[in-house]
Amino acid sequence: MMKKLYRMVALALAAAALCFSLTGCGISDFFKNKDNKTQDDPNASPSAASTTTPKAATPVPEVSATPEATKEPVKVEIFYENKAVTELSFQTSTVIRLQAVASDGSTGGIWTSSDASSASVDENGIVTCWKVGNPKITYTIGDASASLSLTVTEPTIKICYGDVEKTDISLSSQWGYEIQLTAAVTPEGSEVTWSSEDPAIATVSETGLVTGKKMGYTNIVCKSGTAKAVCIIRVADNPPAAAAAAAQATPDPNDKTPRVVITCFGLPNSDFTITVGQSVDLNCTMYNIDPSTNKETWTIEDTAIATVNENGVVTGVKAGTTKVICTVGDVKCETIVRVTDKKS
């Protein structure tokens, strides 16, 4: 009897469990509504349709994105003499200083030149113009940079008296032993310098005023950058201050002392200048000496600088200064020869 009772309880529990399982899977709903028509059924009447309303979705509020702060790009400018520049023009041999300014105040950038053989630039912005060209000078710092177009020109120069170019001028008493020379130079307004190769014969001021000092000739040189112009100045006779010193070179006709005088370009006892490879013919004039029985002998102190042959022809060998000596018997005369390099 008890066993039968236990079996009935077990069956009842199993049935309850099965019912619970089917209800959780929705099977009970299926059986409950199997005879009902739904809205998906095309033959269903509107009144029989399910009145279940889907729950509206809760809207998600929009969140506006905050943009990141955009950095201003760094800008760089190049300055020359406190002015921002993008192009400049200078002559060869000119040295200038550039400065670079970054908008964020940063420093320590790098200077470069697109053609260092025309114009180079060092780490401090010092630019040296070497030869004709159109290099670009650039300053770079980080991702920022600035460039400058540089034009390097070769100046030209001429020595003029008035508006006429001169390469050879004679000074004498009629000139007053002074003459004002000018320089015609391009680019116009370029700085020039004046010099005399032999100030003992003629001097020149910084403004080009030439003053003859004694009989002879020398070169007056005017330079601008690498450009150079040369004018020969010949002092044809002695200014009063040099007259006494010239008496030995041009003896008094009544003086019967044997003398020898070297002449160059027709000027007695002239110091003269030649370039390497150039030759000049010197002459010997004898006073109170019989040339038929006496012959002159030419020598030179330093043959490494210049040579002289038996006829008095002097040829420059290398840059320097030496003396040429003409000897006749026991009498001699000497003159200075200056040799300059062709490139100077």
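In this predicted model, N219 touches S195, S196, E197, V230, C231, I232 and T273, leaving aside residues up to four places away in sequence. N219 belongs to strand β19, which spans residues 216-224. With a relative accessible area of 12%, N219 is buried, because the threshold for that class is a value under 20%. The strand as a whole shares this character: 8 of the 9 residues of β19 are buried, so that the strand is mostly covered.

The pairing of β19 sets several of these contacts in context. Strands of a sheet pair through backbone hydrogen bonds, in either a parallel or an antiparallel arrangement. Strand β16, residues 193-196, pairs with β19 in the antiparallel sense over 4 bridges, and W194 has C222 in β19 as its bridge partner. β19 is also joined to strand β20 (residues 227-235) by 9 bridges, and these two strands run antiparallel. Within that pairing, K223 stands opposite K228 in β20. β19 and β20 form a hairpin with 2 residues between them, and G225 in the turn has a positive phi of about 65°.

Two of the residues touched by N219, V230 and I232, are also touched by T167. T167 touches V230, C231 and I232, again not counting residues up to four places away in sequence. T167 lies in the loop between β12 (164-165) and β13 (168-171). The C-alpha atoms of T167 and I232 are separated by 6.0 Å, although the two residues are 65 residues apart along the chain.

Strand β12, at one end of that loop, belongs to an open sheet of 3 strands with the order β12-β11-β15 and antiparallel pairing. β12 and β15 (182-186) stand at the edges of this sheet; each has a single partner strand, so one side of each is left without a neighbour in the sheet. Strand β11, residues 156-161, is joined to β15 by 5 bridges, and the two run antiparallel. In this pairing T156 stands opposite T186 in β15.

Strand β10, residues 144-153, offers a clear case of two-sided packing. In a regular strand the side chains alternate between the two faces of the sheet. Along β10, A144, A146, L148, L150 and V152 point to one face and are buried, whereas S145, S147, S149, T151 and T153 point to the other and are not. β10 is joined to strand β3 (residues 87-91) by 5 bridges, with the two strands running parallel; here Q91 has T153 as its bridge partner. Strand β9, residues 136-141, pairs with β10 in the antiparallel sense over 6 bridges, and I141 has A144 as its bridge partner in β10. The hairpin of β9 and β10 has 2 residues between the strands, and G142 in this hairpin takes a positive phi near 65°.

The cysteines require separate treatment. The structure holds 0 disulfides. The sulfur of C222, the bridge partner of W194, is 9.6 Å from the closest cysteine sulfur, in C160, which is too far for a bond. C222 is also buried, with a relative accessible area of 0%. For C284, the closest cysteine sulfur is in C326, at 3.2 Å; this distance too is too far for a bond, because a disulfide requires sulfur atoms within 2.5 Å.

These elements belong to a chain with 3 helices and 30 strands. Of its 344 residues, 33% count as buried. The accessible surface of the chain comes to about 22,000 Å², and 53% of that surface belongs to carbon and sulfur atoms. Among contacts between residues at least 6 apart in sequence, 55% join residues at least 24 apart.

Confidence varies along the chain. The average pLDDT is 79, and 71% of the residues score at least 70. Among the elements, strand β6 (residues 110-113) has the highest mean pLDDT, 97, and helix α2 (residues 27-33) the lowest, 49. Over residues 37-42 pLDDT stays under 50, and the model has 5 contacts beyond four places in sequence for this stretch. Over residues 244-248 pLDDT likewise stays under 50, with 2 such contacts in the model. Where pLDDT is low, the predicted coordinates should not be read in detail.

Notes
Residues are numbered from 1 along each chain as its sequence is written. This is a predicted model: local features need pLDDT of at least 70, side-chain atom pairs count only at pLDDT 80 or more; totals for chains, interfaces and linings use all residues. Side-chain values use heavy atoms; hydrogens and water are left out. Contact means heavy atoms within 4.5 Å. Buried means under 20% relative accessible area, exposed over 50%, partly exposed in between (1.4 Å probe, protein chains only). Two strands pair if DSSP finds at least two bridges between them. Accessible areas come from the Shrake-Rupley method with a 1.4 Å probe; for residues, only the protein chains shown count as cover. pLDDT is the predictor's confidence in each residue, from 0 to 100.
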